[in-house]
Structures are given as C-alpha cells and as structure tokens.
Amino acid sequence: MAAVVNDAVYYLEGFKLFSLKMGRYKIMEELAKSVFVTSVIEKMDTKDKNIRSLGIGSSKGDIESIFTKQLSNHFGKLENTVIEPAEEAIEEYKRLTAKNDWSNVDYSWFNGTFQQFKEHREKEENAPKYHHISSIDTVYYIDNPADDILTMYNMLEKGGILMIMLISDENSYYRLERRFHGIMPIRYFTCSDVLAVCQENQFQFERYHHECTADITEFISSDDHPREKKVTIDYLTQTVDFKESVSESLYNEVIDYIKSSDFSSKSYDGKILLRNDFDVIFIQKKC
C-alpha cells in the first residue's frame with residue numbers, strides 16, 4: 001500500500017483539510033505568542049543578537065512561519081534553514097516568505113529529507129550550530145526518531161532549544177495506528193517516546209500539553225462529501241486509496257472503529273469528535 005507521505009500534493013491536501021477542521025492555525029498563533037515566548041525566546045541562553053534556526057520537515061511554512069515571526073521580533077537577524085523533501089511545498093513556502101515583510105530574516109533551502117541533510121552536513125567543514133531547531137509533526141517520518149533526536153540536540157548551540165511537536169498518547173491517530181498497526185505504513189512516535197529519550201540522555205526539558213478535538217462526522221457518516229471523505233480516511237490511515245487497497249470487511253472494520261468511543265470522543269448529539277491532543281517538548285542544550 002502506498003503511504004500518503006510519499007505523495008506530496010495529496011499529503012498537503014489532507015494536512016490542510018485537518019488543519020482547518022481543527023482550527024490549527026489559531027491554536028498555533030496563540031501558542032507562539034505565549035508558550036513559545038516563555039519556553040524558547042526568554043529561556044534561550046545566548047548573548048548573540050543574530051541567531052540561526054533550523055526547520056525540519058517545514059512543509060509549506062504556514063505553521064513554521066508563525067514561530068519564525070516571533071523569533072524575528074526578538075532578535076536582530078535570523079538565518080533560517082528549511083529542510084523539506086517536497087519541492088512543491090518549498091515553492092509554496094517561498095511564495096509565503098515573499099509576502100512577509102521580515103527584512104531581518106534570511107532563508108536557505110534544503111530540498112530533501114533529514115537523513116539527506118545529515119549526510120550533506122557531514123561533508124561540510126565547520127557545519128553551523130543552531131540556536132533553535134523545530135520539528136513540527138515530523139518525527140514520525142524520520143529514519144530513527146530516538147537517534148535523530150540526539151542528532152538534533154548535537155546540532156544545537158549551547159543554550160539553544162529544540163522544539164518537538166507531536167501527537168500525545170491520547171491522540172486518535174495513535175489509537176488507530178495501535179489498533180491496526182499491521183496495515184498502516186507508519187509508526188507514530190508519541191510524547192512518551194520523546195520523554196524516554198530525554199530521560200535516558202539526561203536532557204533538560206519542558207513539556208506543554210494541549211487538548212483539542214475536530215468534528216469529522218460529515219466526512220465519516222455521510223456520502224455528501226465524497227472527496228473529503230476519501231481524503232479523511234486516507235489521511236487517518238496514512239494510506240493512499242485505502243478503501244481500494246484493503247478488503248471490504250477490513251475497510252468496514254476501520255470505519256466502525258473510527259465511529260467507536262475507543263477512537264473518538266462523542267458529543268451529546270452523537271458527533272464524531274477526533275481527539276487531536278498534542279504535546280510540545282522543549283529540550284535545552286546545557287551551556
């Protein structure tokens with residue numbers, strides 16, 4: 001079965017659909033103005049007025065730019081390196097930056113995976129360290145999350161902060177993957193996995209937890225929106241053409257599970273509320 005993440009255009013379609021349903025952009029804007037300021041900007045231990053940041057799997061930049069704006073507001077100059085494997089997403093990101101009047105932000109672009117970036121970096125002499133690194137919903141797609149988190153940590157300047165945003169253990173995506181692990185082309189790395197890495201390596205860290213839901217009733221229980229329904233199922237299972245790729249009985253089993261209380265929260269009027277709880281782990285490198 002084909003993984004959604006390997007089809008950049010389709011992945012972005014699913015990501016946009018769910019982001020709008022969950023009010024993700026508003027949540028990120030509020031988080032950037034509050035938690036990000038207190039946990040990153042105010043705690044970053046540096047005397048440098050000009051800093052370097054690294055975005056891992058930055059997609060088209062609409063989420064990452066919310067945090068970049070805060071960094072640009074607090075530092076004299078920002079050199080922002082973007083790692084993104086989808087060329088289409090990078091082009092969209094570039095168009096977005098052209099609209100922003102941030103004269104103190106310089107961008108560099110790496111069209112590739114984090115693994116490819118690491119290999120490229122190994123060939124560089126005096127490869128730069130970063131004051132801030134962000135990994136927003138990307139640890140699920142890197143080769144070895146535990147080892148790569150250690151690699152990210154080692155890329156930090158002393159006093160720098162790594163921000164990892166990912167689903168919580170209570171998240172509906174994780175419940176679905178755990179229930180149908182054998183057929184889904186993804187293994188979700190959750191907050192508890194990151195915390196285990198932090199504790200094993202004695203990292204200094206903070207955790208922020210956010211609870212949120214999304215009403216997906218119309219896309220699951222109705223055929224009035226066939227395209228949205230297909231994208232919803234494919235994005236939840238991370239499988240392109242999921243219905244066509246499995247038996248009818250398995251497809252119905254997945255749909256029944258999505259409608260069940262094991263997967264979602266139910267409102268008083270019977271709506272299917274997907275739980276999209278997430279955590280943000282802030283890891284600071286010791287000086």
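This passage walks through a predicted protein model, from its overall build to a handful of individual residues.

The model is a prediction, so local features need a pLDDT of at least 70 and side-chain atom pairs count only at pLDDT 80 or more, while totals for chains, interfaces and linings use all residues. Residues are numbered from 1 along each chain as its sequence is written, and side-chain values use heavy atoms, with hydrogens and water left out.

Starting with the overall build, the protein comes to 13 helices and ten strands; these are DSSP runs, with helices being H or I of at least four residues and strands being E of at least two, numbered from the N terminus. The radius of gyration is 19 Å, which agrees with the value near 19 Å for a compact globule of 287 residues. That radius is taken over C-alpha atoms, and the globule rule is 2.2 Å times the number of residues to the power 0.38. Along the principal axes, the C-alpha atoms fill a box of roughly 60 × 40 × 35 Å.

Contacts (heavy atoms within 4.5 Å) are mostly between residues well separated in sequence: among those with a separation of 6 or more, 79% join residues 24 or more positions apart. As for burial, 54% of the 287 residues count as buried, where buried means under 20% relative accessible area, exposed means over 50% and partly exposed is in between, with a 1.4 Å probe and protein chains only.

On the outside, the protein exposes about 13600 Å², of which carbon and sulfur atoms supply 45%. Accessible areas come from the Shrake-Rupley method with a 1.4 Å probe, and for residues only the protein chains shown count as cover. The charges come to 35 positive and 48 negative, and their mean positions are 4 Å apart. Here Lys and Arg are positive and Asp and Glu negative, with His and the chain ends not counted; each charge is placed at NZ of Lys, CZ of Arg, CG of Asp or CD of Glu.

Inside, the largest nonpolar core has 94 residues, a core being a set of buried Ala, Val, Leu, Ile, Met, Phe, Trp, Tyr and Cys residues joined through side-chain atoms within 4.5 Å. Phe67, Ile149, Tyr173, Leu176, Leu236, Ile258 and Ile283 have the most contacts inside this core. Leaving aside residues up to four places away in sequence, Leu236 touches Phe18, Tyr173, Leu176, Met184, Ile216, Ile258, Phe263 and Leu274.

Leu162 sits in strand E5 (residues 156-167) and is buried, at 0% relative accessibility. Beyond four places in sequence, its partners are Ile133, Ile149, Met152, Tyr153, Leu156, Ile281, Phe282 and Ile283. Leu162 also lies 5.8 Å from His132, C-alpha to C-alpha, with their positions 30 residues apart in sequence. Glu79, in strand E2 (residues 77-83), is partly exposed at 39% relative accessibility. The C-alpha atoms of Glu79 and Val105 are 5.9 Å apart, with the two residues 26 apart in sequence. Again not counting residues up to four places away, Glu79 touches Ile51, Arg52, Ser53 and Asp106.

Two other buried residues can be set against partners far off in space. Tyr251, in helix H13 (residues 248-259), counts as buried at 10% relative accessibility. Its C-alpha is 35 Å from that of Asp147, 104 residues away in sequence. Outside the four-place window, Tyr251 touches Lys229, Ile233, Phe242, Lys243 and Val246. Ile186 lies in the loop between helix H8 (172-179) and H9 and is buried, with a relative accessible area of 7%. Between the C-alpha atoms of Ile186 and Gly76 there are 40 Å, the pair being 110 residues apart along the chain. The contacts of Ile186, with residues up to four places away not counted, are Tyr140, Tyr141, Glu177 and Gln238.

The backbone holds a couple of oddities. Most residues other than glycine have a negative phi. Ser59, not a glycine, has a positive phi of about 55°. Ser59 is in the loop between strand E1 (50-56) and helix H4 (64-74), and is buried at 14% relative accessibility. Gln202, also not a glycine, has a positive phi of about 55°. Gln202 belongs to the loop between helix H9 (191-200) and strand E6 (204-210), and at 62% relative accessibility it counts as exposed.
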